[in-house]
Amino acid sequence: MASDLNSIEFNLQEKKEFFNSFASLYESEIPIGEIFKLISNASKNDKIKAVCAFISKQINQGKTLEETLPKCERALGRAYCALIAAGEKAGKLENILSDILSNIVKQQEIKSALINALIYPA
């Protein structure tokens, strides 16, 4: 499964779906391992299902997010994985997830504005 993760890369919309689900369930105080199992079962996106199933399995085997996320860097992004690990260690994961979601929304807005600017002359 870990080798399969090397071929998975989330686009901005997939990252938004992943982090939105993660943040919502985390705020509900659901255990971390269960969060990813729920996301994997509920998502219609095969890439998100695969990443969440992997994370859930690793957490249920006793690994931390910090130990698990490096294998998900291609899908989630190295910076986001590092932020999550730091947030988990500092006890500020809820704040970090909120910041990540804000960043993704800003990226989507910038991308949309650029596309509109490039299309407008046509």
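Ring pairs link F10, F18, F19, F22, Y26, F36 and Y80 into a cluster. The model is predicted. It holds 7 aromatic pairs and 0 disulfides. Helix α7 spans residues 78-90 and turns one face inward, lined by its buried residues. N45 sits in a loop between two helices.

**Aromatic pairs**

- The structure holds 7 aromatic pairs. One of them joins F10 and F18.
- The F10 and F18 rings lie 6.0 Å apart, centre to centre. Their planes make an angle of 50 degrees, and the pair is tilted.
- F10 is buried, at 5% relative accessible area. F18 is buried too, at 1% relative accessibility.
- F22 and F36 form another pair, with ring centres 4.8 Å apart. Their planes stand at 55 degrees, so this pair also counts as tilted.
- The F22 and F36 pair links distant parts of the chain. F22 belongs to helix α2 and F36 to helix α3, and the two are 14 residues apart.
- F22 has a relative accessible area of 0% and is buried. F36 is likewise buried, with a relative accessible area of 0%.
- The cluster of linked rings also takes in Y80, which is one of the buried residues of α7.

**Helix α7**

- Helix α7 has 13 residues. From first C-alpha to last it reaches 18 Å, close to the 18 Å expected at 1.5 Å a residue.
- Its buried residues are Y80, C81, I84, A85 and G87. Down the helix axis they fall within an arc of 165 degrees, so they line one face of α7.
- An α-helix has 3.6 residues a turn, so residues three or four places apart point the same way.
- The other side of α7 carries exposed residues: R78, A79, K89 and A90.
- Several helices help to cover the buried residues of α7. Among them are α2 (12-27), α5 (65-68), α6 (73-76) and α8 (93-119).
- G91 follows α7. The phi of G91 is positive, near 75 degrees.

**Cysteines**

- Why does the structure hold 0 disulfides? A disulfide needs two cysteine sulfur atoms within 2.5 Å.
- The sulfur of C52 has its closest cysteine sulfur in C72, at 8.6 Å, so the two are too far apart for a bond.
- The sulfur of C72 has its closest cysteine sulfur in C81, at 6.2 Å, which is also too far for a bond.
- C52 is buried, at 0% relative accessibility. C72 is buried as well, at 1%.
- C81 is among the buried residues of α7.

**N45 and its loop**

- Where is N45 found? N45 lies in the loop between α3 (32-42) and α4 (46-60).
- Is N45 buried or exposed? N45 is buried, with a relative accessible area of 18%. The cut-off for buried is under 20%.
- The N45 side chain reaches the backbone nitrogen of K47 at 2.8 Å.
- Leaving aside residues up to four places away in sequence, N45 touches E14 and E17.

Terms used:
Residues are numbered from 1 along each chain as its sequence is written. This is a predicted model: local features need pLDDT of at least 70, side-chain atom pairs count only at pLDDT 80 or more; totals for chains, interfaces and linings use all residues. Side-chain values use heavy atoms; hydrogens and water are left out. Buried means under 20% relative accessible area, exposed over 50%, partly exposed in between (1.4 Å probe, protein chains only). Helices (H or I, at least four residues) and strands (E, at least two) are DSSP runs, numbered from the N terminus. A polar contact is a pair of N or O atoms within 3.5 Å; within protein, one must be able to donate a hydrogen and the other to accept it, and residues adjacent in sequence count only if both atoms are side-chain atoms. Contact means heavy atoms within 4.5 Å. The expected span of a helix is 1.5 Å times one less than its number of residues. The arc is that of the directions from the helix axis to the C-beta atoms. Rings of Phe, Tyr and Trp (its six-membered ring) pair if their centres lie within 6.5 Å; planes under 30 degrees apart count as stacked, over 60 as edge-to-face and the rest as tilted.
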